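How is a protein model read from its overall form down to single residues? The text below goes through one model in that order.

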Amino acid sequence: MDVRVVDHPLARARLSTMRDARTDNATFRAALRDLTLMLIYEATRDAPVATAPLHTPVARTTGYRLANPPLLVPVLRAGLGMVDAAQALMPEAQMGFVGLARDEKTHLPVPYMESLPESLDGRPVFVLDPMLATGGSMEHTIRMLTERGASDVTAICVLAAPEGVAHLEGSGLPVRVVTASIDERLNDSAFIVPGLGDAGDRQFGAV
Ligand code: PRP
């Protein structure tokens with residue numbers, strides 16, 4: 001499984017803002033937006049492009065665009081804070097939505113929403129979720145996508161735990177991971193350590 005860690009100095013700076021327990025909700029959201037720009041930028045580095053001739057005010061040249069823009073799928077709630085940045089870089093991208101909440105005791109994902117195109121055959125998909133902890137939520141999401149024919153899925157995550165990466169690797173699902181950090185481990189509550197806390201609560205407040 002391809003795992004790309006984006007450790008650019010600016011990404012590290014934004015991630016540090018997100019980790020800091022003193023960071024308020026609004027500042028956290030702004031740092032998440034900035035960091036998502038960098039993650040998407042890296043995730044699309046090798047994306048196929050289509051060309052078409054164009055005229056600058058001076059001369060004729062070649063223009064470029066993404067040949068096959070990905071479907072963006074934020075995992076609610078926390079993935080919502082990554083949508084704005086992903087759409088800013090790929091305004092032509094369409095969107096689907098998945099709602100999952102992790103059960104606090106079992107740590108298993110409980111689905112509550114699914115709004116996806118019927119067929120994902122031949123469409124790249126970017127799943128937006130800041131946290132890859134046990135990997136259960138991401139696996140569940142990717143299975144929803146592959147059932148609809150997706151075979152090219154990218155998980156865009158701010159943080160990943162080694163356990164979550166291993167979980168996805170073991171699943172054999174067609175996914176690659178782009179993240180700003182692979183942290184140390186999970187704690188007994190299946191929170192990423194050192195992590196940043198609960199990415200949903202830190203953006204929107206506790207539920
Ligand atoms: C968090 C996070 C992921 C999931 C990761 O969401 O945003 O979706 O947990 O955990 P996993 O890898 O162990 O499955 P949460 O269930 O807290 O919901 P929220 O986004 O509504 O806060």
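What follows moves from the whole chain to its nonpolar core and then to the ligand.

The model is predicted. The protein contains 6 helices and 12 strands. Along the principal axes, its C-alpha atoms fill a box of roughly 60 × 40 × 30 Å. Is the radius of gyration in line with that of a compact globule? A compact globule of 207 residues would have a radius of gyration near 17 Å, and the protein has 17 Å, so the two agree.

Contacts show how the chain is brought together. Take the contacts between residues at least 6 apart in sequence: 64% of them join residues at least 24 apart.

Next comes the interior. Of the 207 residues, 35% count as buried. In soluble globular proteins, nonpolar side chains tend to be buried together. In this model the largest nonpolar core has 49 residues, and V127, L132 and I156 have the most contacts inside it. Which residues does V127 touch, leaving aside its neighbours within four places in sequence? V127 is in contact with V73, V75, M138, T141, V153, A155 and I156. I156 therefore appears twice, as a contact of V127 and among the residues with the most contacts in the core.

The last part is the ligand. It is surrounded by 23 residues, the closest being R102, A133, T134, S137 and G200. Sorted by class, this shell has 12 nonpolar, 7 polar and 4 charged residues. Two strands, β5 (97–102) and β8 (131–132), each supply at least two residues of the shell, and so do the helices α4 (136–147) and α6 (199–204).

How values were computed:
Residues are numbered from 1 along each chain as its sequence is written. This is a predicted model: local features need pLDDT of at least 70, side-chain atom pairs count only at pLDDT 80 or more; totals for chains, interfaces and linings use all residues. Helices (H or I, at least four residues) and strands (E, at least two) are DSSP runs, numbered from the N terminus. The radius of gyration is taken over C-alpha atoms; the globule rule is 2.2 Å times the number of residues to the power 0.38. A residue is buried if 20 or more other C-beta atoms lie within 10 Å of its own, exposed if 12 or fewer, and partly exposed in between; C-beta atoms are placed from the backbone. Two residues are in contact if their C-beta atoms, placed from the backbone, lie within 7 Å. A residue is near a molecule or strand if its C-beta atom, placed from the backbone, lies within 6 Å of it. Ala, Val, Leu, Ile, Met, Phe, Trp, Tyr, Cys and Pro count as nonpolar, Asp, Glu, Lys and Arg as charged, and the others, Gly among them, as polar. A nonpolar core is a set of buried Ala, Val, Leu, Ile, Met, Phe, Trp, Tyr and Cys residues joined through C-beta atoms within 7 Å.
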